[in-house]
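Biologist: Got a minute to go through this one with me? Let's have it on screen.

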Amino acid sequence: MSLLYRLMSDVDFQEALDKEKKIRVFQDNQIIDNRAIIVRFDDQKIVTQASVGDITYHSRQICEFFLLKGNK
């Protein structure tokens with residue numbers, strides 16, 4: 001079972017980006033992205049990639065971001 005750690009600060013997002021850690025994204029209490037990596041972020045958007053052609057832009061204000069720890 002994976003554990004989830006909430007990403008909130010720029011430092012959290014930068015560490016996940018640098019180490020290519022898998023994240024899970026929620027919006028309105030629903031999973032909208034799973035096992036993706038962060039490829040870019042700024043104060044408005046987080047850009048994730050789940051596979052070669054699967055790039056997604058998430059609003060930092062309306063989404064919640066969690067680092068997956070545990071099962072690989």
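Modeller: Sure. Of the 72 residues in the chain, 32% count as buried. Keep in mind that this is a predicted model.

Biologist: How many helices and strands are there in the chain?
Modeller: One helix and six strands. Along the sequence they run β-α-β-β-β-β-β.

Biologist: And what does the C-alpha trace span along its principal axes?
Modeller: About 30 × 25 × 25 Å. The radius of gyration is 11 Å, which agrees with the value near 11 Å that a compact globule of 72 residues would have.

Biologist: What share of the contacts joins residues at least 24 apart?
Modeller: 47%, counting contacts between residues at least 6 apart in sequence.

Biologist: Switching to the surface, how much of it belongs to carbon and sulfur atoms?
Modeller: 48% of an accessible surface of about 4,900 Å².

Biologist: How many positive and negative side chains are there?
Modeller: There are 11 positive and 11 negative ones, and the centres of the two sets lie 7 Å apart.

Biologist: Now Q44. Where is its place?
Modeller: Q44 is in the loop between β3 (30-41) and β4 (45-51).

Biologist: What is the relative accessible area of Q44?
Modeller: It comes to 41%, so Q44 counts as partly exposed; the range for that class lies between under 20% for buried and over 50% for exposed.

Biologist: Which residues is Q44 in contact with, leaving aside neighbours within four places in sequence?
Modeller: H58, S59, R60 and Q61.

Biologist: And how far is Q44 from I32 in space?
Modeller: 17 Å, C-alpha to C-alpha, with their positions 12 residues apart in sequence numbering.

Technical notes. Residues numbered from 1 in each chain as written. Predicted model: local features only at pLDDT ≥ 70, side-chain atom pairs only at ≥ 80, totals over all residues. Heavy atoms only, no water. Helix = DSSP H or I, 4+ residues; strand = E, 2+ residues; numbered from the N terminus. Rg over C-alpha atoms; globule rule 2.2 N^0.38 Å. Buried < 20%, exposed > 50% of the residue type's maximum accessible area, 1.4 Å probe, protein only. Contact = heavy atoms within 4.5 Å. Areas by Shrake-Rupley, 256 points an atom, 1.4 Å probe, with all protein chains shown as cover. Lys, Arg positive; Asp, Glu negative; His and termini not counted. Charge placed at Lys NZ, Arg CZ, Asp CG, Glu CD.
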